[in-house]
Amino acid sequence: MFLSARFLSHPILFTGRRLYLGDGLFPWATGYDLTRREATYKRMYRETDRAALIDLLNQNNIAYVAFDDMLRRSDFVKDLNERVFIESFEKVFEDTENVHGNIKIYRVPIGPNAGLDSPASTDAVGAFIGGQGPSKGQFANPRGIDVDSAGNFYVADTMNARIQKFQPDGTFVSVFGSSGPGVGEMREPNDVAVDSAGNIFVVDALNHRLLKFSPDGIFVSEWAGPEATFFGPRSVTIGPDQKVYVLDQGRSRVVRKNAIDDGFIEWGKPGGGEGDFNEPTAIEVADGKVYIADAGNQRIQVFDLDGKFIAAWPISEWTDYPWRYPDIAFDADTKRLYVTSPIDDQILVLSLNGERLAPLRPDSSDALENASALAVSSTKAGKRLLVVNTGKSNLYAFDLGRLSNAEKPNAKPTNK
């Protein structure tokens, strides 16, 4: 099979060869699962680790990979990995006369090290540098983050269908997760939470489930939710007694998993009244209460741990625009809530009774772009607020210093 640009009538198709993915119009019209295939298609054209790339190509029965000007100019796949093929794959055809769009075709070897003495470079990028792509330290629309007891942080690299782990300074540590609908696989991880034992919980919005991994990234278990199963779960956090709270956006509810007997309780329904939700995006458990970013209703709602409504605070900054994922993070030392305001690229700061404090703004006007997830990190080097830039595919950090309860935040931005 050939991996190629998505022509409606590709010249390779005319020669009688099979394409992995042509134009999506006809398969979409017949109900074909394009979402899964398009995600794999993009991964194969963006993976830069040679061994991982060959393994992925072999898994999908790809014998030849083609690059042409239509593919190079397309916005469907950014950061093409053509350089990897140029440096370490056998070229079997080149359109030197530019009759077929300057096409070049490469043969896919069988096995990760076939025909190559030394694999291509796989140097990792730091999380604060990041960038759009599939390499270690790069991201594709990341939307979730959490920090473990040592200050290491985990990022839900959403459209790359994986979780990346970094040291407190942003140095890449490891990556886990594979793309697909199977057991233990992910298609759109939206958030990640780490419990006190280092276990890692992930909500997968496209596979509609909650997954658990060991501290070293090995799959442990997964849950589809209560009787009315999850539908687009968006956020996850760990509460008292290590109970896991899931914000099930598609069903406008909160689902709590009891860590002892694996039972569930749930509350919430669609609407605009007290305890109702409209496109909620984040959940945080803080100081014995549950805080929900009820984005579609432009408010934060506050509940007790069992779902009893307590209060609602308006957040006028959460105006209605697509692809926003406002989040809430809690600083236990200062009793402050930090809230992303994606449209105006600032971080709102609230007390636990909803009082507005001075917001956080970076020195550079372009430092934040569609900021989504937040996490407070405390290490020997100091305290920081980590911000996931969904739009820039990197992380940003505010230096929170050593704040007392009486002080108002005067955070300094840092790039590490």
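Q: On a 1 Å grid over the protein atoms alone, a cavity is a set of points where a 1.4 Å probe fits but cannot get out; what is the volume of the largest cavity?
A: About 70 Å³, as the space filled by probe spheres set on the points. The structure holds 1 cavity of 30 Å³ or more. The model is predicted: local features need pLDDT of at least 70, side-chain atom pairs 80 or more, while totals for chains, interfaces and linings use all residues. Numbering starts from 1 along each chain as its sequence is written, and side-chain values use heavy atoms, without hydrogens or water.

Q: Which residues line the largest cavity?
A: Arg143, Gly144, Asn190, Asp191, Arg234, Ser235, Thr281, Ala282, Tyr325, Pro326, Asp327 and Ala373. Each has an atom within 4 Å of a point. By class, 4 are nonpolar, 4 polar and 4 charged. Strands S9 (189-194) and S13 (233-238) each supply at least two of the lining residues.

Q: What puts the buried residues of helix H3 on the same side?
A: Leu34, Thr40, Tyr41 and Met44 are the buried residues (under 20% relative accessible area) of H3, residues 34-44. They cover an arc of only 135 degrees around the axis, so they share one side of H3.

Q: Why are S19 and S22 called edge strands?
A: The open sheet has 4 strands, in the order S19-S20-S21-S22, with antiparallel pairing. S19 (282-286) and S22 (309-314) each pair on one side only, so they are the edges. The twist averages 20 degrees from one strand to the next.

Q: How do you know that S20 and S21 pair?
A: Pairing takes at least two DSSP bridges. S20 (289-294) and S21 (299-304) are joined by 6, so they pair. Asp294 has Arg299 in S21 as its bridge partner.

Terms used:
1 Å grid on protein atoms, 1.4 Å probe; cavity = no way out; pocket = protein on both sides within 12 Å on 5 of 7 lines; lining within 4 Å. Nonpolar A, V, L, I, M, F, W, Y, C, P; charged D, E, K, R; others polar. Buried < 20%, exposed > 50% of the residue type's maximum accessible area, 1.4 Å probe, protein only. Arc of directions from axis to C-beta. Axes fitted to C-alpha atoms, helices over the stretch in contact; angles between N-to-C directions.
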